[in-house]
Amino acid sequence: MKEARVLFVGFPNSGKSSLFNLLSGQKRKVTNYSGITVDAAEGMLLSNSSYEEKVSIVDLPGMYNLVPTSIDEGVSLHALLNLSADKPYDLVALIVDLERFESSMSLCLALKELVGEKMVLIINKDDKGEITREQLKVLEELTGCRALSTCSKKERSREIDRFLRDNLQREGKVELGEITLSKESLSYIPDFKEIKSIKIEEDQREVITKLDNYHKRAREIVDKVVKPDTRKIKVTKKLDQILIHPLWGSLIFVAVFYLIFNSIYEWAGPLMDMIDNLVAIFGDWVASTLPEGYLKSLIVDGIIAGVGGVIIFAPQIGILFFLLSLLEQSGYISRAAVLSDRVMSIFGLNGKAFLPYLSGFACSIPGIMAARTIPSKKERIATIMTLPMITCSARLPVYILLIGTFVPEKKIFGFLNSQSLSFFFLYFLGSFFALAMALVFRLSYFRGETSSFFIDLPYYQRPRLRIAFGSALQKVKFFCKKAGSIILVLSIGIWFASTFPRLDANSIAGLSDDAVASMQLEHSLIGKIGKTLEPALEPIGMDWKMGVGLLVAFGARELFVSTMGTIYALGEVDEESSTLRQRLKMEKDSVTGEPKFNLAVAWSILIFFVFSLQCTSTLAILRRELGNWKQPTFMFLYMGALAWLGSFITYNILS
């Protein structure tokens, strides 16, 4: 049975994914390239059941031209150059954005030189039938490509399906023409290998000149085919006078992204609590069903708790990418990058780095995933390697517990609350050092000029909720599937280390369950590791008990609070528990008799949490995004060293 393969190519937000979903019924299969996570997806046409020839379509990441400046563009070019011999294709369908017709024609001319006759044009967003049959005929004559004008909103799937199948009947295989690439662009192509079709140009100016020629020829085509939409041009120009204005645009920018940050934090909270409660209920049900023993503990405390640690982040990721999709569809996201570029360039980063850092305030995981939009590989990695220092919501329980217990509540300058200032300082400290370390990396290991900031400014348009929901759902499914396996393994490892070796039954006879749990944790492998680390913790004011809290917090930072409750045999506690706060104040040093917890120790722990990378989920997604363990390991070590040094300075200043 014959099977054909069609590649969907086009600008970001050109409607490729909408057409893909329309034709395939959203049966997506996300593709990975050499450990690089990208949003390429493959599916089968719904009409395959009616035809002998089966057709699969591939929704490639968006690209602006054939000289890649980002990982997404590199993956698309990788497919077009057929560098994976096991994934040949039969046809390229360029999705032409009618609202960016001139730029789309520039990409069309470049593609035509590369793939020749095996290419068609699907003009999307033709809501009002602006392209007539006569204009289509002129376009086909000028480009040498068969063309169809449509609109994904009208769901004319049968017409598009028939158009693709008709053009697949043309005989002959795809024979690649020549393509000129710069040396810098090669770094974005996964598994790159030189082939006959590729001409590598040492002089970047030659590549730019060729791109300029495409633009000039594209302008000639536009003049003969379509007339610009003067209404959209006028509306866009008027809005841009406000939205990218240095003052008013900046104020709107802050308001928009504050709303996103607040939405992730506020809207996700109840959903995360609901998921947490459901996982707890399910865990209790499983615990009541299974007999006592190691298997029960493994399933409930290891596997179910590990899975819960994965899916609890789903609301944050879903809300973030839902809102980002709305902004991207509207055309605002590129304006936001323009506004932030000036500030980010001070730290050697591109304007597109702002959004990942902002997302990090809710959670590092969606922030790291959002960093895919950064075009420069060096800038992207420098952003990812510093982003976990941004204060995420998982640190808040620790901050609330220690600040509420040890920072006296008083007024400073008559109106500033000391505890609120402490929170602000911790947020500021993490943000400042994230950017400062990014600058250090950009001046050293990831040295290089800050990438030129070129970005397409599309016309403003009304976003579609269905596309936004689809994008959010896809990102959530991807995270749960890809990060979940690593998180589960690490969670089981933490369970094993805190469960074994088991205490002798005689040593715990007559003790309460809370006391047994405390003794078990002390004598477990993780307790022994905590005691082994105690000499390294003493200079920063901590003992083995706090060390165990730090180790368990590696599973999730907020676990530090519940671990303290277990160690002190208090049972279930949270950051607001008066019993835990009182117990911390009463804890005495066995040698000096002085309080073990004081302001200096509390701030030492707080500073440690600001800098350290204590999150299994973050490490898992780092491994997926970076494609190796080398850089996540380096991040864990350098941030741990920075945390220890910061705690040492803080403890000795306040003691």
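Helix α16, which spans residues 396–406, has 9 of its 11 residues buried, and it is therefore largely enclosed by the rest of the structure. The buried residues of α16 are L396, P397, V398, Y399, L401, L402, I403, T405 and F406. To follow such a list along a helix, it helps to recall that an α-helix has 3.6 residues a turn, so residues three or four places apart point the same way. The model in which this helix is seen is a predicted one, and the values given here were computed from it.

Stepping back from this one helix, the reader can count 26 helices and 11 strands in the protein. The C-alpha atoms fill a box of roughly 90 × 60 × 45 Å, taken along the principal axes. For 655 residues, a compact globule would be expected to have a radius of gyration near 26 Å, and the 28 Å of the protein agrees with this. Of the 655 residues, 53% count as buried, and among the contacts with a separation of 6 or more, 72% are made by residues 24 or more positions apart.

What lies in the interior? In soluble globular proteins, nonpolar side chains tend to be buried together. Here the largest nonpolar core has 101 residues, and those with the most contacts inside it are F257, Y357, F597 and I605. Taking F257 as an example, and leaving aside residues up to four places away in sequence, we find that F257 touches L327, Y332, I333, A336, F354, L355 and L358. Apart from this largest core lies another core, of 45 residues, which includes A79, C108, V115 and I189.

Turning to the outside, the protein exposes about 30,400 Å², of which carbon and sulfur atoms supply 59%. As for charge, there are 73 positive and 68 negative side chains, and the centres of the two sets lie 4 Å apart.

Two places in the backbone deserve a separate look. Most residues other than glycine have a negative phi, and most peptide bonds are trans. N82, although it is not a glycine, has a positive phi of about 60°, and this residue is found in the loop between α2 (71–80) and β5 (91–97). Because its relative accessibility is 31%, N82 counts as partly exposed, a class that falls between buried, under 20%, and exposed, over 50%. The other place is the bond joining F500 and P501, which is a cis peptide bond with omega of about -5°; P501 lies in the loop between α18 (465–499) and α19 (513–523).

Notes. Residues are numbered from 1 along each chain as its sequence is written. This is a predicted model: local features need pLDDT of at least 70, side-chain atom pairs count only at pLDDT 80 or more; totals for chains, interfaces and linings use all residues. Side-chain values use heavy atoms; hydrogens and water are left out. Helices (H or I, at least four residues) and strands (E, at least two) are DSSP runs, numbered from the N terminus. The radius of gyration is taken over C-alpha atoms; the globule rule is 2.2 Å times the number of residues to the power 0.38. Buried means under 20% relative accessible area, exposed over 50%, partly exposed in between (1.4 Å probe, protein chains only). Contact means heavy atoms within 4.5 Å. Accessible areas come from the Shrake-Rupley method with a 1.4 Å probe; for residues, only the protein chains shown count as cover. Lys and Arg count as positive and Asp and Glu as negative; His and the chain ends are not counted. The place of a charge is taken as NZ of Lys, CZ of Arg, CG of Asp or CD of Glu. A nonpolar core is a set of buried Ala, Val, Leu, Ile, Met, Phe, Trp, Tyr and Cys residues joined through side-chain atoms within 4.5 Å.
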